[in-house]
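Here's a quick tour of a protein fold, written for someone new to reading structures. Keep the 3D view open and follow along as we go.

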Amino acid sequence: MDYGRFFITTPIYYANDKPHIGSAYTTIAADIISRYWQKRGSEVFFLTGLDEHGTKVAQAAQKQKQNPQAFVDEMVTSYKAAWSVLNIQYDNFVRTTDKYHVDFVQKFIQKLYDNGEIYKDKYSGLYCIGCEEYKLPEELGRGLICPLHKTKCQMVEEDIYFFRLSKYQKQLIEIMQSKKMIIEPESRWNEVFRFLSKEPLKDLAITRSKVEWGIPVPWDKEQTIYVWVDALLNYITGSRGLWPPTLQLMAKDIFRFHAIIWPAMLLATGYELPEKIFIHGFMTVNGQKMSKSLGNVIDPIEISKVYGVDALRYFLFREVPFGQDGDFSIDRFERRYRSDLANDLGNLLQRIMTMREKYQIDWEYRVSKKIFHEINKAMENLEFSNALNMIWAIITEANQRIDMERPWDLTKSNPQKLKTLISGLLEALSEIANLIEPFMPDTARKMIGQLKTDKIEPLFPRKK
Ligand code: MSP
């Protein structure tokens, strides 16, 4: 598999709060994929950003007694700072309040309107501000509570504009069957396909009459554009002419927007479809959904301060297969830190470096093709935990070789064997550094640095 160019996106996160471990999860994944394809020689373009309009953001600003623009400006600073700490190298950061974005969204919706894809009608329904979405009563729990946000939905009645989403049902089914837009993992493809085959699609309310903090509808300035339509279009406005994306990442909470509404919007305006959307799982904390009210929101910056950024980047993608739900607990994090990082990897480096110094052995860099092939296959399929397992198997094997061959006994008995052994181990170390680089760029750099000099420093200092 090879890509000349690789254009990857994350969702644009709501600017109602600072980043947490969930938004960091998707963004670090995109960074790993970007770094990986860059190493393989692709021209990578990595797009992320913030979703700054809508009721949810406006309410958050109001709570802080700030005007929404000043509030989202601060959020942008906080997101950019976090992504920088987490060593995330994006190429473009879209803000939906930027003028070029606003202009494009208005032109886009005007085009839909001119093409007869939009009509006006009455709407009354239950709205969840957390999801920024109208819900059907059957989707809600008792007392009209949103199962995701545990908050009561509001009855809203308004005269608004609708996009003829229902018209695209057949075409969407065809796209799915022909895999013109790939949806992975397969279980998600099945879910969308089943839904599209059974449920008649309803037209989509794409404007709001009572939400001021949004982009005005060009032909009816009393209304604003539905925040999801505004947000989805960031993928085009941020693309710097590189449309369509190779891969769009998101979690399961918002995949229907991306698998149904998004391609329909593109079909209606003649844009190409993304090549692939990949839906990963949801991270809980000690088995519970992360939420402010539970006070269990994990701040990735705090974790990084204590354990280092790379330990976090490693843990998130080793512990849980990408695509499945996973849980974050400090206990498990510390266990992995001690055993996989400080013991397996950190020790290996230290042992080999000490031996090299003691026995004065030079090393030569060679690449083993077979292992690269297997690991590349896992990386191409976004099987990060598999790739890391295979890399850690090399680490374990190298540690075992040292234990078995007992180099300290070989100095006198078989100096030639000792020499071969250590140069093999050094070769393994540089391979390991190269392989972990997309996941742990700082660690890889430190390892290579130590291979080139005589400096020996622990990679993962022991805690407590
Ligand atoms: N603003 C919309 C997205 C618009 S994209 C055109 C939105 N924002 S969000 O802030 O709620 O971000 C949702 C996304 O953040 C998820 O799809 C996922 O990528 C990431 N995650 C947020 N919490 C997460 C977890 N607890 N676990 C894993 N990913 C999580 O929806």
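What follows is a short briefing, sorted by topic.

Keep in mind that this is a predicted model. We'll start with a strand that is enclosed by the rest of the structure, then look at two open sheets, a helix with two different sides, some cavities and one arginine.

**A strand on the inside**

- Strand β13 covers residues 247-251, and five of its five residues are buried, so the rest of the structure largely encloses it.
- In a regular strand, side chains take turns pointing to one face of the sheet and then the other.
- On one side of β13 you'll find Leu247, Leu249 and Ala251, with Gln248 and Met250 on the other; they are all buried, so both faces are covered by the buried definition of under 20% relative accessible area.
- β13 runs parallel to strand β1 (residues 5-9), and two bridges join them.
- To spot this pairing, look for Ile8, which stands opposite Leu247 in β13.
- β13 also pairs with strand β14 (residues 276-280), again in the parallel sense, over four bridges.
- Here Gln248 has Ile277 in β14 as its bridge partner.
- To get from β13 to β14, the chain passes through helix α9 (residues 255-269), making a right-handed β-α-β crossover.

**Two open sheets**

- Strands in a sheet pair through backbone hydrogen bonds, and they can do so in a parallel or an antiparallel way.
- One open sheet has four strands in the order β6-β5-β7-β9, with antiparallel pairing.
- Its edges are β6 (133-135) and β9 (204-205), and each has a single partner strand, so one side of each has no neighbour in the sheet.
- Strand β5 (residues 118-128) is joined to β6 by three bridges, and the two run antiparallel.
- If you want a landmark there, Tyr127 stands opposite Tyr134 in β6.
- Another open sheet has three strands, ordered β10-β12-β11, and its pairing is antiparallel too.
- Its edge strands are β10 (207-208) and β11 (216-217), each pairing on one side only.
- Two bridges link β11 with strand β12 (residues 220-225), and these strands run antiparallel.
- Pro216 has Thr224 in β12 as its bridge partner.

**A helix with two sides**

- Which residues of helix α5 (residues 169-178) are buried? They are Gln169, Leu172, Ile173, Ile175 and Met176.
- These buried residues span an arc of only 160 degrees around the axis, which means they sit on the same side of α5.
- Over on the other side of α5, Lys170 and Gln177 are exposed.

**Cavities**

- How many cavities of 30 Å³ or more are there? The count comes to three.
- The largest cavity has a volume of about 50 Å³.
- It is lined by 13 residues, and the closest to its centre are Gly54, Arg208, Val211, Ile225 and Val227.
- The lining of the largest cavity is a mix of six nonpolar, five polar and two charged residues.

**One arginine in a helix**

- Arg332 belongs to helix α12 (residues 330-359).
- Its relative accessibility is 26%, so Arg332 counts as partly exposed.
- Arg332 and Met355 are 23 residues apart along the chain, and 32 Å separates their C-alpha atoms.

Key. Residues numbered from 1 in each chain as written. Predicted model: local features only at pLDDT ≥ 70, side-chain atom pairs only at ≥ 80, totals over all residues. Heavy atoms only, no water. Buried < 20%, exposed > 50% of the residue type's maximum accessible area, 1.4 Å probe, protein only. Pairing = 2+ DSSP bridges. Right-handed = clockwise from strand over helix to strand, strands pointing away. 1 Å grid on protein atoms, 1.4 Å probe; cavity = no way out; pocket = protein on both sides within 12 Å on 5 of 7 lines; lining within 4 Å. Points joined across faces, edges and corners; volume = space filled by probe spheres on them. Nonpolar A, V, L, I, M, F, W, Y, C, P; charged D, E, K, R; others polar. Arc of directions from axis to C-beta.
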